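Colleague: Could you walk me through this one? I'd like to start with the packing and then move on to whatever catches my eye.

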Amino acid sequence: MAAKLAPNDVRRMHQSLHHLVADAPWDDESLLGRALDTVLPSMLRQSPVVAWVVDDTGLPKKGKHSVGVTRQYCGQVGKQDNCRVAVSLSVTTETSSMPVAFRLYLPEVWASDPERRKKAGVPGEIAFQTKPQIALDQIKRARERGVPTGVVLADAGYGNDTKFREQLAEWRLTYVAGIQSTVTVWKPGEQPAPAPKGKGLGRPPKLLQRDPKHQPVTVKDLALSLASDAWQTVCWRAGVKDDLASRFAAVRVRPAHRDYWRAQPHAEEWLLIEWPAGESEPTKYWFSTLPADLPLTDLVHLAKHRWIIERDYQELKQELGLGHFEGRGWRGFHHHSTLCIVSYGFLVAERSRFSPSTRAGHLGLRAAKQPQNFRPRGSPRTTRAA
């Protein structure tokens, strides 16, 4: 890039570009917000916002002095390895998506190490936060900014966090959130017993009750107990070769997580379960606060809509260099990531303009004015006067 911009002074231009990314004091969140203002209208011309997708991505990186790098699970390599992990929030329609927030997850070993923080330029206000906490901050800012809302989609790394789901419910945001097979629920139609009546002395008891004969079950045990007619084959979208389909069941349940410390049971919501044909047991589980009368096909379609962010990450890494940052600093990492996402946003906007589903007249292209005596090729000659 430096050679293209300044072929006669490549070294100086290279240093200028390095400064722009690593040290220049521009605000990455503001730039990402301006990019969204440009890209979102192009997306909305095709279809409305469907979902907000919460996700994180691992970026392999060796050494211990690069900001955020430690041994942790890296999805890109599918195992524990030295890497960075960043949390993102994306706005999606049926066919396109755009990351609107992107922040490095700072592991606790980094957050509590003043020397490494100083060398990497980690801002003083950045304290340790779990990934669900970072995601909630991103969702909060998106709501304050007035971004059109959608169903919040998240995998089990976020859905397993009860506080994450409860905060979304408090904000009146519906969600489809993955959970692990060990999460406990009350069977359909069941709930914890109410607090016993007081005996007239002291404060009356308020906490919900359990006993040996009245206990919740894991979602896996509940799935295995369902009748065979509870399962339906659902196709959620067309794949490259064949339609993508699997077996699903959905039941209304109440989550049971620590409800013995509550005065009221958790609200009833969907438990969606996937059990592909040929598998010995169910493979995926989701909680969802979507309406109780929603058809199973729509519930499955939304649960599987998270695939779109996987496509985004693939293109950001393979085509736009998201994983190519070689610096060590906090500012440089976020500047590099933001420039990659803004470039991706430009591509999203261009695809939206030229998509076959876009109506004519929205491309904004200008055609040259036809000459006064222009005659289309192959048209009949004009009749000459006798």
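Modeller: Before we begin, one term: two residues are in contact when they have heavy atoms within 4.5 Å of each other. Please also keep in mind that this is a predicted model.

Colleague: Fine. Then what is Leu168 in contact with, leaving aside its neighbours within four places in sequence?

Modeller: With those neighbours set aside, Leu168 is in contact with Leu136, Ile139, Val152, Leu173 and Tyr175.

Colleague: And how many residues does the largest nonpolar core have?

Modeller: The largest nonpolar core has 91 residues, and Leu168 is listed with those that have the most contacts inside it, as are Trp52, Val54, Val67, Ile139, Phe164 and Leu271.

Colleague: Switching to Arg71: buried or exposed?

Modeller: Arg71 counts as exposed because its relative accessibility is 54%, which is over the 50% cut-off. Arg71 lies in strand 2, which covers residues 70-74.

Colleague: What does Arg71 touch, again without the sequence neighbours?

Modeller: Beyond four places in sequence, Arg71 is in contact with Gln80, Asp81 and Asn82, and the side chain of Arg71 reaches the backbone oxygen of Gln80 at 3.5 Å. As for Pro60, which is eleven residues from Arg71 along the chain, the two C-alpha atoms are separated by 9.8 Å.

Colleague: Last topic, then: in which sense do strand 9 and strand 10 pair?

Modeller: Strand 9 (residues 232-238) and strand 10 (residues 243-255) are paired in the antiparallel sense, over six bridges, and a hairpin of four residues joins strand 9 to strand 10.

Colleague: Which residue in strand 10 is the bridge partner of Val234?

Modeller: That partner is Ser246.

Conventions:
Residues are numbered from 1 along each chain as its sequence is written. This is a predicted model: local features need pLDDT of at least 70, side-chain atom pairs count only at pLDDT 80 or more; totals for chains, interfaces and linings use all residues. Side-chain values use heavy atoms; hydrogens and water are left out. A nonpolar core is a set of buried Ala, Val, Leu, Ile, Met, Phe, Trp, Tyr and Cys residues joined through side-chain atoms within 4.5 Å. Buried means under 20% relative accessible area, exposed over 50%, partly exposed in between (1.4 Å probe, protein chains only). Two strands pair if DSSP finds at least two bridges between them. Helices (H or I, at least four residues) and strands (E, at least two) are DSSP runs, numbered from the N terminus. A polar contact is a pair of N or O atoms within 3.5 Å; within protein, one must be able to donate a hydrogen and the other to accept it, and residues adjacent in sequence count only if both atoms are side-chain atoms.
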